[in-house]
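Here are some notes for a colleague who is opening this entry without having seen it before. They are set out as numbered points, to be read alongside the sequence and the coordinates.

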Amino acid sequence: KDVSPLFRIPSCVFFAEKYEKKSAGSRFLSGKVPFSGLQGNIFSGKLTEHNCNLLTAKESIKEDPVKWYYVKQGKASAISTRKSKAVETENPYKKHFKQGATIVPRCFYFIELTQDFPPDFEDRIINIKTSDAIKADAKKPWRGLEFTGKIESKFIFRTALAKSILPFALYKPDLVVLPVLIEKNNEGRKEIKLQSANNLMHEGYLNASKWFKNAENTWQIHRTEKNKNISSEDYLNWQNKLTEQNLDAPYLVLYNTSGKDANAVVIKRSNVDLEFFVDTKAYVFYTSTGFEAYYLAGILNSKIPNEQMKDFQTKGLFGARDVHKKILDIYFPRFDETNEVHKKLAELSETAHKKAAKYLEDNPPQKELTATRLGKLRLDIKKHLAAEMKEIDRLVKKVIT
């Protein structure tokens, strides 16, 4: 990874010896890398050009001998310069964090108001258009598409893309329109009912029907061959990731799917002005317990698990780039309200949330959050929370090890 110009991702070469299973004297008889590690090298240096010959390259390349170790984390494995003890126990939260819905194409669903923000959204007709904020990241064939119109207020919701998910803070969650009706079942729980444009017409929602009919027509024109038999609303609800979201849980723990580190925030539904749906750019855990939510956010924001997952992350031109469930391959126990370390961690995390919110209020970003500015803002928040982060890391180390 420290040789340039070479590839856009770290590269490696393995030299292997093949042994018969019954070959006597083989130290690889068990099929495992020796615990003592393997001898290897790391290369670094700046080449004069791509694909230069060996004689030229030798003048620019430094070669350092190292010991490589086979390491495991959950079901994932890697070759690392750090020796670590394999933990086979599965994280009890791993199966319960779910990735959000594919709210794409963004131009159909992410919106902004073309009128003043009303004091309430109860039974109103709202003037909207495709959000300007999502246009820069739009990909072909959806780039340049824009919708304008009106919609009934009950179809407007909130969601969060990566730029909104900061350490211990949610920043300006996006407005989205979704073709769903929310109803309560016999047990009083909210159920999400996906609607076609025709269904909405029959229910009397003429503006919503027109908006989503326009979206469906555009989808049919531009959809790929692979999606030729899928409607826009079915694609939106791929694997039921929209309709199976839990709208009753008072607390959500959210963290980003991509990036160098996990950044987690607790969302308290009662603090959000509209119903909140989770987008595919985030993983979510629902809980009825505030302490559990803050406990999890504290762990996920800590440098301890973020460092431990580094060897297992995919890497690109700018280093580690995907979090997904790698952070949950690291074992930590369920929240235990009788455990003083767990409680203290939750309390610190809650304090960090309050301080992060105040920091953003006093230091709002002055420009659109590009990837570089987003990374800097996340670092600035953690610097502002230096005292809390130091104590959180100390407690997380106790919890994880």
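1. A place to begin is helix α4, residues 206-222, which lies across the strands β6, β7, β8 and β12, the last of these covering 174-177. Relative to β8, this helix runs at about 135 degrees. Please keep in mind throughout that the model is a predicted one.

2. The strands beneath that heading belong to an open sheet of 5 strands, whose order is β8-β7-β6-β12-β9 and whose pairing is antiparallel. At its edges stand β8 (148-152) and β9 (156-159), and since each has a single partner strand, one side of each is left without a neighbour in the sheet. When direction is ignored, neighbouring strands of this sheet are turned against each other by 55 degrees on average.

3. Within the same sheet, it may help to look at one pair in detail, namely β6 (residues 110-113) and β7 (residues 125-130), which run antiparallel and are joined by 3 bridges. Which residue of β7 stands opposite E112? It is K129.

4. There is also an open sheet of 4 strands, in which the order is β1-β2-β3-β4 and the pairing is mixed. Here β1 (2-4) and β4 (76-80) take the edge positions, each with a single partner strand, so that one side of each has no neighbour in the sheet. From one strand to the next, the twist averages 40 degrees.

5. In this sheet of 4 strands, β1 pairs with β2, residues 38-46, in the parallel sense, and the pairing extends over 3 bridges. For a reader who wants to locate it in the coordinates, V3 has G45 in β2 as its bridge partner.

6. The remaining point concerns two helices, α8 (residues 340-362) and α9 (residues 371-384), whose axes come within 10 Å and cross at roughly 125 degrees. Are they perpendicular or oblique to each other? An angle of 65 to 115 degrees would count as roughly perpendicular and one over 145 as roughly antiparallel, and α8 and α9 are therefore oblique to each other. The crossing in which α8 passes α9 is right-handed.

7. As for the residues that make this contact, α8 contributes K355, A356, Y359 and L360, while α9 contributes L377, D380, I381 and H384. Sorted by character, the residues in the contact of α8 with α9 comprise 5 nonpolar, 1 polar and 2 charged.

Terms used:
Residues are numbered from 1 along each chain as its sequence is written. This is a predicted model: local features need pLDDT of at least 70, side-chain atom pairs count only at pLDDT 80 or more; totals for chains, interfaces and linings use all residues. Side-chain values use heavy atoms; hydrogens and water are left out. Axes are lines fitted to C-alpha atoms, for helices over the stretch in contact, and angles run from 0 to 180 degrees between N-to-C directions. Angles under 35 degrees count as roughly parallel, over 145 as roughly antiparallel, 65 to 115 as roughly perpendicular and the rest as oblique. A crossing is left-handed if the near helix is turned anticlockwise from the far one by less than a right angle, and right-handed if clockwise. Contact means heavy atoms within 4.5 Å. Ala, Val, Leu, Ile, Met, Phe, Trp, Tyr, Cys and Pro count as nonpolar, Asp, Glu, Lys and Arg as charged, and the others, Gly among them, as polar. Two strands pair if DSSP finds at least two bridges between them.
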